[in-house]
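User: I would like a close look at one part of this model and then a connected account of what surrounds it. Please take the structure shown here as the starting point.

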Amino acid sequence: MKIQTITSIPEMRKAASEFKGRIGFVPTMGYFHQGHLSLVESSQRSCDHTIVSIYVNPAQFGPGEDLTNYPRDIRKDIEKLGKYDVDYVFLPDDALMYPQNYKTWVSVDEITDFLCGKSRPTHFKGVTTIVAKLLNIINPDKIFLGEKDYQQLIVIRKMVADLNMNVEVIGCPLIREDDGLAMSSRNKYLSEKERDRAVNIYRSLKKAQAMFAKGIKDSESVTTEIKRILLDSELKIDYIEIVNPNTLRSETQLSKGCRILIAAYSGKTRLIDNLEIK
Ligand code: AMP
């Protein structure tokens, strides 16, 4: 199917407002893998129309992060969407999203201060601002977000609730490569060796699940074991946290439904992953 692309805000607003049925929206930074496409599939299943945005949002990258190197391939992305029933791909640029004299930011307090917010202090403010702007333009019924970026999902849920935004936030399962590595556009940065090491992040999460299944429930023992696996694999740890899935606050004991969140570097590439304890 030929996908229609839109690069102007009034045009996007008009096209979305003319739909009669339910609109599903999938915001992305492009360079699609099956994780992105699974969100499109979810939207297609539960909505009448699907709009995907591709925009590498500079506001969510900190100084010295990978904004300029972030992988991009719009042509291939659009080709990949051809298999799906996508109505529009919105492709704004920086001049549209942050025109000169841009002054307004949306930020969520507290739950953005820890986990990824600690090493990336301006990241979530960039995310919530761009998502708020996109929601205002498209006005969808549902927004589809991956559990891969678990803190992002919780932060956006909070923004939507606190600002009384009229959209349902749908969290979709994390999609992995066959060997367990969480799919990410950033995996492209990994050398063969770094990629082999990175697989141990998932291995450590599975070990934690196995420990829980054996009755080991204290977070400290489980975290120590995860740490051992990551360090043995030459990964540099940013954080390992066992948290309540709604508040993201640390839990001293594992229980069904809690989440283990990890951020670690393989070489220079920062990777995140998480697992729900079952
Ligand atoms: P990004 O392009 O990295 O900003 O991601 C766009 C959306 O795709 C976000 O909602 C992500 O959480 C989601 N996503 C990225 N990777 C995955 C994955 N491996 N599984 C599920 N969703 C993902």
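At what angle do helix 1 and helix 6 pack, and how far apart are their axes?

Analyst: The model is a predicted one, and what follows is to be read in that light. Helix 1, spanning residues 9-17, packs against helix 6, residues 123-138, at an angle of about 55 degrees, and the axes of the two helices lie 8 Å apart. Because of that angle, helix 1 is oblique to helix 6. On the side of helix 1 the contact is made by Ile 9, Met 12, Arg 13 and Ala 16, while helix 6 contributes Asn 136, Ile 137 and Ile 138. Sorted by class, this contact of helix 1 with helix 6 consists of five nonpolar residues, one polar residue and one charged residue.

From this helix pair the account moves on to strand 2. Strand 2 covers residues 23-28 and is mostly covered, with six of its six residues buried. Side chains in a regular strand alternate between the two faces of the sheet. In strand 2, Ile 23, Phe 25 and Pro 27 point one way, Gly 24, Val 26 and Thr 28 point the other way, and all of them are buried.

Strand 2 has pairing partners in strand 3 and strand 5. With strand 3, residues 49-54, strand 2 pairs in the parallel sense over six bridges, and here Pro 27 stands opposite Ser 53 of strand 3. Between these two strands the chain passes through helix 2, residues 34-46, in a β-α-β crossover that is right-handed. With strand 5, residues 142-146, strand 2 also pairs in the parallel sense, over two bridges, and the bridge partner of Phe 25 in strand 5 is Ile 143.

Two residues of this crossover region can be taken individually. Tyr 31 lies in the loop between strand 2 and helix 2, and its phi is positive, about 60 degrees, although Tyr 31 is not a glycine. Most residues other than glycine have a negative phi. Tyr 31 has a relative accessibility of 26% and therefore counts as partly exposed. Further along, Ser 38 lies in helix 2, and this serine is buried, with a relative accessible area of 11%. Ser 38 and Phe 144 are separated by 106 residues in sequence, yet their C-alpha atoms are 9.6 Å apart in space.

A positive phi of about 60 degrees is also found at Glu 234, again not a glycine. Glu 234 sits in the loop between helix 9 (219-232) and strand 7 (236-243), and, with a relative accessibility of 56%, Glu 234 counts as exposed.

Strand 7 leads to another sheet-forming part of the chain, where three strands form an open sheet in the order 7-8-9 with antiparallel pairing. Strand 7 and strand 9, the latter covering 269-276, are the edge strands, each pairing on one side only, and the twist from one strand to the next averages 10 degrees. Strand 7 and strand 8, residues 259-266, run antiparallel and are joined by seven bridges, with Ile 237 standing opposite Ala 264 in strand 8. Helix 8, residues 192-213, packs on this sheet and touches strand 8 and strand 9, its direction making about 20 degrees with that of strand 9.

Methods
Residues numbered from 1 in each chain as written. Predicted model: local features only at pLDDT ≥ 70, side-chain atom pairs only at ≥ 80, totals over all residues. Heavy atoms only, no water. Axes fitted to C-alpha atoms, helices over the stretch in contact; angles between N-to-C directions. Helix = DSSP H or I, 4+ residues; strand = E, 2+ residues; numbered from the N terminus. Parallel < 35°, antiparallel > 145°, perpendicular 65-115°, else oblique. Contact = heavy atoms within 4.5 Å. Nonpolar A, V, L, I, M, F, W, Y, C, P; charged D, E, K, R; others polar. Buried < 20%, exposed > 50% of the residue type's maximum accessible area, 1.4 Å probe, protein only. Pairing = 2+ DSSP bridges. Right-handed = clockwise from strand over helix to strand, strands pointing away.
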